[in-house]
Amino acid sequence: MRKTFGSGSSWEQTLGYSRAVQVDNTLYISATAASGDNGIEGEDFYSQTKFILEKLGAVLAEAGFAYEDVVQSKLYLTDISKWEDAGRAHGEVFGEIRPTLSLVHVLPFLDPKMLVEIELVAQKSAS
């Protein structure tokens with residue numbers, strides 16, 4: 001079974017991608033930035049990470065998953081020296097769940113206000 005989930009972003013059609021794709025009991029969520037109704041939300045690594053994780057919580061829920069199902073998390077940071085700020089927000093959500101984690105230092109994103117993107121993989125136990 002393959003099912004796609006969209007966010008309504010015009011970029012999804014233009015670039016040919018989905019916000020998330022579920023294959024059987026696994027959900028793959030595209031890298032997500034702190035973009036909201038009023039542009040980029042948050043001006044620092046902590047607040048953007050927190051906002052993104054809240055956004056991803058809604059994506060997980062829409063697909064019938066939860067934070068507890070997340071097995072892999074990748075944080076893309078434009079300034080790797082700020083890893084502790086992003087990590088603190090990540091730890092507030094995943095401290096007890098403890099998925100695998102990659103911290104990746106990247107060049108600036110298309111919008112220079114974007115400091116962080118997060119990509120998740122979630123998996124439900126086979127029933």
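These questions and answers walk through a predicted model, from its sheet to its helices, its aromatic pair and its largest pocket.

Me: In what order do the strands of the open sheet stand?
Reply: The sheet is open and has 6 strands. Their pairing is mixed. From one strand to the next, the twist averages 10°. The order is S1-S2-S3-S8-S6-S7.

Me: Which strands stand at the edges of the sheet?
Reply: Look for strands with a single partner strand. One side of each is then left without a neighbour in the sheet. The two are S1 (2–5) and S7 (100–105).

Me: Which residue in S2 stands opposite arginine 2?
Reply: S1 and S2 (residues 20–23) pair over 4 bridges. The sense of this pairing is antiparallel. Opposite arginine 2, in S2, is valine 23.

Me: Does S6 run parallel or antiparallel to S7, and what is the case for S8?
Reply: Strands of a sheet pair through backbone hydrogen bonds, either parallel or antiparallel. S6 and S7 are joined by 6 bridges and run parallel; here tyrosine 76 stands opposite valine 104. S6 and S8 are joined by 7 bridges, with lysine 74 opposite glutamate 119. So S6 is parallel to S7, while its sense with S8 is antiparallel.

Me: At about what angle does H2 run to S8?
Reply: H2 lies across five strands: S1, S2, S3, S6 (70–77) and S8 (116–123). Its direction is compared with that of S8. The angle is about 30°.

Me: Which strands does helix H3 touch?
Reply: H3 spans residues 83–94 and packs on the sheet. Its direction makes about 160° with that of S6. The strands it touches are S6, S7 and S8.

Me: What kind of aromatic pair do tyrosine 67 and phenylalanine 94 form?
Reply: The structure holds 1 aromatic pair. The ring centres are 5.7 Å apart, with 90° between the planes. Planes over 60 degrees apart count as edge-to-face. The pair is therefore edge-to-face.

Me: How many residues apart in sequence are the parts that this pair ties together?
Reply: Tyrosine 67 lies in the loop between H2 and S6. Phenylalanine 94 lies in helix H3. The pair therefore ties together parts that are apart in sequence by 27 residues.

Me: Which element gives the most to the lining of the largest pocket?
Reply: About 740 Å³ of space lies in this pocket. Of its 27 lining residues, the closest to the centre are Trp11, Tyr17, Arg19, Ala33 and Ser35. H1 (10–15), S3 (26–32), S4 (35–36), S5 (39–40) and H2 (45–62) each supply at least two lining residues. With 5 residues, the one that gives the most is H2.

Me: How many lining residues of the largest pocket are nonpolar?
Reply: Sort the lining by class. There are 6 charged and 8 polar residues. The nonpolar residues number 13.

Notes:
Residues numbered from 1 in each chain as written. Predicted model: local features only at pLDDT ≥ 70, side-chain atom pairs only at ≥ 80, totals over all residues. Heavy atoms only, no water. 1 Å grid on protein atoms, 1.4 Å probe; cavity = no way out; pocket = protein on both sides within 12 Å on 5 of 7 lines; lining within 4 Å. Points joined across faces, edges and corners; volume = space filled by probe spheres on them. Nonpolar A, V, L, I, M, F, W, Y, C, P; charged D, E, K, R; others polar. Pairing = 2+ DSSP bridges. Axes fitted to C-alpha atoms, helices over the stretch in contact; angles between N-to-C directions. Contact = heavy atoms within 4.5 Å. Phe/Tyr/Trp six-rings, centres within 6.5 Å; stacked < 30°, edge-to-face > 60°.
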